[in-house]
Amino acid sequence: MRAAVWDHFSFTKLSDVTGEYEANCKYCNNTHYKVNSRYGTSNAKRHIDNCAAYKTFLDQNPSHVTTFDQRVFVRMFAEAIMYHSYPCSMVEHFKLREMLSLNPQVRHVTKNTILSRVCFTCDCWSACTTRGFLTLTAHFIDNNWSLKSRILNFCYFPPPHRGVDIYLFVVGLIKEWSLERKAFYITCDNAGAMDVIVARLKSDLLSFGTLLVAGRFFHVRCSAHILNLIVQSGMKVIDNSVLKLREAINYIAASGAHLCTFKKSVLDSKCNFKALEAKDALVLYAIVDTSFDFSLTSEQWTIVQFVCRFLGPFHSITELFSVSDYPTANL
């Protein structure tokens, strides 16, 4: 099948032996390209792309103009690769490129164009020493379609932890690693400071024109943090019996001597070590340790058991989201 670009040329046979033709532009009549099975279409395509006479022809004959958007082409190509699990190297396959050359407006993309997207997660927290820390992690898919994560930074981050301060630090790291043109999205928690970071970072990256769908999906809020906010909000309105049980467990766990005494109470009461099944052991421990202020009525124990059953799915989902060796956004 002949490439479509040759439709813009007329041909003169040069030799019956070699089967060569001479191609001449129909619009400017000022080209003499040899054509046979050994010659490609690069010169012909380059000429048509720059031919002033052809552009004049299109201006005078708008019905011959075909609408083609290179960005749409690249996006649909990437979607096809992901949907069908094709290897990214297919964009460089010779026969595929030959077929795409039927449209002279297609600019072939490389494997790196399809592959090069990096996602980020940004975490800022205070340790038990009240010192602040910040971590920026990059996530990407390698040539074998395996998820990879690399910590770009893990360091002490002194106060103030204002959004603008974190933004300057994060954008500096992204530029230091030359990833500003490869950014896909960033995941962070729901603190107000993070909204400031994302808004300014998105504005910067949009100036490069490389964010997909104008950055509409650039900010991904941390699902585990959202779940935690839901649970914390719910815990504020439940009966204080759960809080009282939690305080009792913290009291026992705070001392090795308390733990040893409690383990003896568990053995004496022949109950399970887990809190809900350790009701009898807790009652027995309160008799042994007079400093242990603990008492729950039967009704309060029923509330505790209900709340634990209610929170069970939240616990399971949080564990599901908290892994780092496979994608979880789809879950």
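A salt bridge here is a side-chain nitrogen of Lys or Arg within 4 Å of a carboxyl oxygen of Asp or Glu. Keep that cut-off in mind, and remember that you're looking at a predicted model. By that criterion, Lys95 and Glu98 make a salt bridge, with their closest N and O atoms 3.0 Å apart. Both residues sit in helix H4 (residues 94–100), and because they are 3 residues apart there, about one helical turn separates them. Lys95 is exposed, at 58% relative accessible area, while Glu98 is partly exposed at 41%.

We'll come back to salt bridges, but let's go to the small sheet at the start of the chain. Strands E1, E2 and E3 form an open sheet in that order, and the pairing is antiparallel. E1 and E3 are the edge strands, each pairing on one side only. From one strand to the next, the twist averages 35°. If you zoom in on E2 and E3, you'll find 3 bridges joining this antiparallel pair, and Tyr21 stands opposite Val35 in E3.

Next up is helix H1 (residues 42–50), where Ala44, Lys45, His47 and Ile48 are buried. These residues cover an arc of only 160° around the axis, which puts them on the same side of H1. And what do the buried residues of H1 pack against? Their partners are strands E1 (9–13), E2 (21–25) and E3 (33–35), plus helix H2 (52–60).

One loop residue is worth a stop on the way. Tyr27 lies in the loop between E2 and E3, and it is partly exposed, with a relative accessible area of 24%. Setting aside neighbours within four places in sequence, the contacts of Tyr27 are His8, Ile48, Cys51, Ala53, Tyr54 and Phe57. Ile48 is one of the buried residues of H1, so Tyr27 gives you a handy way to walk from the loop to that helix. Tyr27 and Thr56 are 29 residues apart in sequence, yet their C-alpha atoms are 9.0 Å apart in space.Further along the chain there's a second open sheet, this time with 5 strands. Their order is E6-E5-E4-E7-E8, and the pairing is mixed. The edges are strand E6 (147–156) and strand E8 (219–221), each of which pairs on one side only. Neighbouring strands of this sheet are turned against each other by 20° on average, if you ignore direction. As general background, the strands of a sheet pair through backbone hydrogen bonds, either parallel or antiparallel. For a concrete pair, take strand E5 (residues 132–141) and E6: they run antiparallel and 9 bridges join them. Want a single residue pair to click on? Thr137 has Ile151 in E6 as its bridge partner.

Helices lie across this sheet, too. Helix H6 (residues 163–176) lies across strand E4 (118–126), E5 and E6, and runs at about 35° to E5. Helix H7 (residues 192–206) lies across E4, strand E7 (183–188) and E8, running at about 175° to E7.

Now back to the charged pairs, as promised. How many salt bridges does the structure hold? There are 4, and the pair in H4 that opened this tour is one of them. In another, the side chains of Arg162 and Asp165 meet with an N to O distance of 2.7 Å. Arg162 counts as partly exposed, at 48% relative accessibility. Then there's Arg221, which forms a salt bridge with Asp195, the closest N and O atoms being 3.2 Å apart. Arg221 lies in strand E8 and Asp195 in helix H7, so this pair ties together parts that are 26 residues apart in sequence. Both ends count as partly exposed: Arg221 has 36% relative accessibility, and Asp195 has 31%.

The last stop is a pair of helices. The axes of helix H9 (residues 241–253) and helix H12 (residues 298–321) come within 9 Å and cross at roughly 85°. H9 and H12 are therefore roughly perpendicular to each other. Which residues make the contact? On the H9 side they are Ser241, Val242 and Leu245, and on the H12 side Gln300, Trp301, Ile303, Val304 and Val307.

How values were computed
Residues are numbered from 1 along each chain as its sequence is written. This is a predicted model: local features need pLDDT of at least 70, side-chain atom pairs count only at pLDDT 80 or more; totals for chains, interfaces and linings use all residues. Side-chain values use heavy atoms; hydrogens and water are left out. Buried means under 20% relative accessible area, exposed over 50%, partly exposed in between (1.4 Å probe, protein chains only). Helices (H or I, at least four residues) and strands (E, at least two) are DSSP runs, numbered from the N terminus. The arc is that of the directions from the helix axis to the C-beta atoms. Contact means heavy atoms within 4.5 Å. Two strands pair if DSSP finds at least two bridges between them. Axes are lines fitted to C-alpha atoms, for helices over the stretch in contact, and angles run from 0 to 180 degrees between N-to-C directions. Angles under 35 degrees count as roughly parallel, over 145 as roughly antiparallel, 65 to 115 as roughly perpendicular and the rest as oblique.
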